[in-house]
Amino acid sequence: ATAGLPRCPRCGFALHARKPQSLQRTSAYLLAAVALYLPANTLPIMATASAITAREGHTILGGIIELWHTGSWDLALIVFIASIAVPILKIVALTLLALTAWRKSRWRQAERATLYRVIETVGHWSMLDVFVVVLLVGMVRFGAFASVEPGPGLLAFGGVVVLTMLASASFDPRLIWPEPAND
């Protein structure tokens, strides 16, 4: 899809049209993602119930701790990276990109361009938790014996993931390379 398009003389990637109001939209999506991050991690993402146990809510962090204590430390680490570390790192990295673009900074431009490409690549993996809970809800239907239901934290977490993806998609990476000042 990029064949025949002009290429950037600095990094070699295909050029495309400017994104209008990129920084304003990126900042708005980031602020909304930050606002949802706390409920995403404090509200239960799913509730389980069985004939033996009462209805029990599970937060992301609670699930990680439970996986760790049951000996599934590798799975706990994957969930921690995908559900806690990646969203925080995406928010911090996108904030850095937006702030330096607002300031028209020339600080580490090549590294910031690489950071943007990494964020774009990693972004979709944040949906891992949402997919896991949706699969569990769809698979665990044992009537009166056991059930799994999505919780309000799942909606907030999904919102954080979607909003950081929108923030990343609305950011115009050409803002990393500001025009020279005409003094």
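## Thr100 in helix H3

Thr100 lies in helix H3, and in this predicted model the residue has a relative accessibility of 10%, so that Thr100 counts as buried, the cut-off for that class being under 20%. The side chain of Thr100 carries a polar atom that is placed 2.8 Å from the backbone oxygen of Leu96.

When residues up to four places away in sequence are left aside, Thr100 touches Ser105, Trp107 and Arg112. A further relation spans much of the chain: Thr100 and Leu175 are 75 residues apart in sequence, yet 8.8 Å separates their C-alpha atoms.

## Overall architecture

The protein contains 6 helices and 3 strands, and their order along the sequence follows the pattern α-β-β-α-α-α-α-β-α. Among contacts between residues at least 6 apart in sequence, 70% join residues that are at least 24 apart.

Of the 183 residues in the protein, 38% are buried. The area that the protein exposes comes to about 11100 Å², and carbon and sulfur atoms supply 71% of this area.

## The nonpolar cores

In soluble globular proteins, nonpolar side chains tend to be buried together. The largest nonpolar core of this model has 17 residues, and within this core Leu94, Leu97, Phe171 and Ile176 touch the most other members. At least two residues of this core come from each of helix H1 (22-42), H3, helix H4 (109-122) and helix H6 (152-170), and H3 gives the most, with 6 residues. A second core, separate from the largest one, has 14 residues, including Tyr37, Ile84, Phe157 and Val161.

Which residues does Leu94 touch, not counting residues up to four places away in sequence? The contacts of Leu94 are with Leu30, Ile119, Thr164, Ala167 and Ser168.

## A nonpolar patch at the surface

Trp68, Trp73, Leu77, Phe80 and Ile81 together make a nonpolar surface patch of about 540 Å². Helix H3, which runs over residues 73-102, gives the most to this patch, with 4 residues; helix H3 also gives the most to the largest nonpolar core, with 6 residues.

Phe80, one of the patch residues, lies in helix H3. The relative accessibility of Phe80 is 35%, and therefore Phe80 counts as partly exposed, a class that lies between the cut-offs of 20% and 50%. Helix H3 thus holds both Phe80 and Thr100, of which Phe80 is partly exposed at 35% relative accessibility, whereas Thr100 is buried at 10%.

## The salt bridge

How many salt bridges does the count come to? The count comes to 1 salt bridge, in which the side chains of Glu111 and Arg108 meet with an N to O distance of 3.6 Å.

Are the partners of this salt bridge buried, partly exposed or exposed? Glu111 has a relative accessibility of 44% and so counts as partly exposed, while Arg108, at 47% relative accessibility, likewise counts as partly exposed.

How values were computed:
Residues numbered from 1 in each chain as written. Predicted model: local features only at pLDDT ≥ 70, side-chain atom pairs only at ≥ 80, totals over all residues. Heavy atoms only, no water. Patch = residues over 30% accessible without salt bridge, like charges linked within 9 Å, V, L, I, M, F, W, Y side chains within 5 Å. Areas by Shrake-Rupley, 256 points an atom, 1.4 Å probe, with all protein chains shown as cover. Salt bridge = Lys/Arg side-chain N within 4 Å of Asp/Glu carboxyl O. Buried < 20%, exposed > 50% of the residue type's maximum accessible area, 1.4 Å probe, protein only. Contact = heavy atoms within 4.5 Å. Polar contact = N/O pair within 3.5 Å; in protein donor to acceptor, adjacent residues only side chain to side chain. Core = buried A, V, L, I, M, F, W, Y, C linked by side-chain atoms within 4.5 Å.
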